[in-house]
Amino acid sequence: MFFQQIVNGLTLGSIYALLALGYTMVYGILLMINFAHSEIFMVGAYCGFWILSILPVLNNYSGFILILVFLATLIISGILAMFIEKIAYKPLRRAPRLSPLISAIGVSIFLQNLIMLSVSFQSLPYPERFEIKQFQTTGIVINSLQIFIFCFAITLMILLHIFIRRTKLGKAMQATSQNHIVSQLMGINVNGIISLTFFIGGGLGGIAGILNGMYYGSIKYNMGFLPGIKAFTAAVLGGIGNIKGAMVGGFILGILEAFSAGYISSENKDVITFLVLIIVLILKPGGLFGEQVTEKI
Amino acid sequence: MKFISNKIFLFSLAILLIIIFPIIFLRLNPYTVNIVALIGIYLILCLGLNITIGYTGLLDLGFMAFYAVGAYIAAILSTKGISFWITLPICMLAGGLMRYLLGLPLLKLRGDYLAIVTLAFGEIVRLVANNSVSITNGPKGLPRVGEKIMPIHIFSFVFQDNIHFYYLIFFFVIVSIIISYRIEHSRIGRALIAIREDEVAAELSGIGVARIKSVAFVLSGIFGSLAGAIYVHWIGFVSPEMFTFWESVFLVAMIVIGGMGNIFGVILGVFLLVGMPEILRSSLGTVFIDYRMLIFGMLMILIIIFRPQGLIPSKRRALELHTIEKD
């Protein structure tokens, strides 16, 4: 039971961590909660759904399909996120802090209803293109999908980490998150970096959406809301704006959810997540690993 | 002096309109009274929420929680046979107390964190209502089979028809408008607006920021639970799915679109978002209803970008929102 919950928790945690990265990166750079991120996650899941359903011919090349699906979704949801930033957030960059949040909620309502009206209001079964093998050892059941989700998420996170730490663009992102004006003076194209941040965050969110669809086997137009809040909780848990923190926070939250579903009650697992969110925001708004940030006046 | 009497004139005209409205429309289409009564419920909710969002500038994304608290307490007490006139103050007290306790740790938080915490709280209330079957009958809602919500009595008069509730609801709407108006133009209202515009400056000017914020927060909660208690007596049913996050967002949308911090703006927002779809439903058919949320989403984005003060702006709020923040 215990190890089984760890396995389930790590799988969930991988999805939350990928999604949390989007929240934390955007917050790090713009100090705003990208409320529409959960909708990018949803659109990503639908993207994967479409590509998987229109490509049954390529069944023999499942590896190829997999790469194609993830790459296409990464690009589409990344572009969507960039597009949202340009339309809904950029004009509000100098507005009071709550304005972009309200605009993001508007985007969220819009996208949800767009998908609901143009696709379906019912949940759709996710196409299963790959055979899922079960492995059983001493009471723990692991399936190949869980292993795949975990490994894939870890790989993406390592790539992101390398990108941010080692490349010039990554360093420009770090600089921009510290100070827009000074970065601009150093010759960084701040708007470009912001777009890039939305692109990467959105792309990872879209991929998380596909993984979520594969894991639960169904998608719905409002599927983004709960994972979105949970991933945001994860981002806060790790110290919002802190990329490593978001990854760790995602796994902590996934394991927490698995344990509360397994040991307390599966009905109340969401209540527990929300309680964690409230308690962390009240007691340690800087996150578990983050330094205490004092409010600038 | 003339200005004041002008206001009183307008106000009495509005009351007269409210009173005679059903007499004209009931003959034509009884359904209209129903819609207007529903608008009344939303008016009470939004006027309450406006104290938090509009005056104090705190974004609350879980306001439906207090509507739920009012509705559930009213339903539970009422099925036990307790009169509405006793239930109502209990609901308001409970809503206010809960909001006070919630506000104690919350009000110290920064704006966007506060929004997220209220969101989480709203969802917790809904999920708890959904999961504690022994008290709330879970997703099936209250009253249980065989139970009944006590009708509202005034002496021997019993509230049965929509039209009775229409007058009851609009009585409370008028009270809410008067209270909102009095708050806005009182010392507390000015303190709230000062806090919204600059918390530090307000504190330095001698405003007890924590206390005043708490007052505003609690007042909102009382309005919310009041609306809930009335609604449950009117409709005679309550279930957790009435209180989803999107319902709370819907309230915020009304206030944002209408005009934050302006009573007329809020009223317009409620009429636009609750009333218009119903009016257009009969003329444009149900297709419009499907697209309604899509349009609201777009409207929210457009308004916050191009007209952040809302359709009918509050003068001070407009000034504040147009000031470009220094980097």
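What follows is a short conversation about a predicted model and the terms used for it.

User: Why are α5(A) and α8(A) called roughly antiparallel?

Analyst: Helix α5 (residues 144-166) and helix α8 (residues 190-216) of chain A pack at an angle of about 170°. Angles over 145 degrees count as roughly antiparallel, so α5(A) is roughly antiparallel to α8(A). Their axes lie 11 Å apart.

User: Which residues of the two helices meet?

Analyst: From α5(A) come Leu145(A), Ile149(A) and Leu156(A), and they meet Leu204(A), Ile207(A), Leu211(A), Met214(A) and Tyr215(A) of α8(A).

User: What makes the classes of that contact come out as they do?

Analyst: Leu, Ile, Met and Tyr count as nonpolar, and therefore the contact of α5(A) with α8(A) divides into eight nonpolar, no polar and no charged residues.

User: How do you know that β2(A) and β3(A) pair, and in which sense?

Analyst: Pairing needs at least two bridges. Strand β2 (residues 134-137) and strand β3 (residues 140-143) of chain A have four bridges, in the antiparallel sense, so they pair. Gln134(A), for one, stands opposite Asn143(A) in β3(A). The hairpin has two residues between the strands, and Thr138(A) takes a positive phi near 35° there.

User: Now the contact between the chains: which helix gives the most to the side of chain A that touches chain B?

Analyst: Happy to help! That is α4(A), with 13 residues. Chain A and chain B each bring 37 residues to the contact. On the side of chain A, α4 (98-118), α9 (225-237) and α11 (269-283) each supply at least two residues. By class, that side has 27 nonpolar, five polar and five charged residues.

Technical notes: Residues numbered from 1 in each chain as written. Chains lettered and ligands numbered in written order. Predicted model: local features only at pLDDT ≥ 70, side-chain atom pairs only at ≥ 80, totals over all residues. Contact = placed C-beta atoms within 7 Å. Axes fitted to C-alpha atoms, helices over the stretch in contact; angles between N-to-C directions. Parallel < 35°, antiparallel > 145°, perpendicular 65-115°, else oblique.
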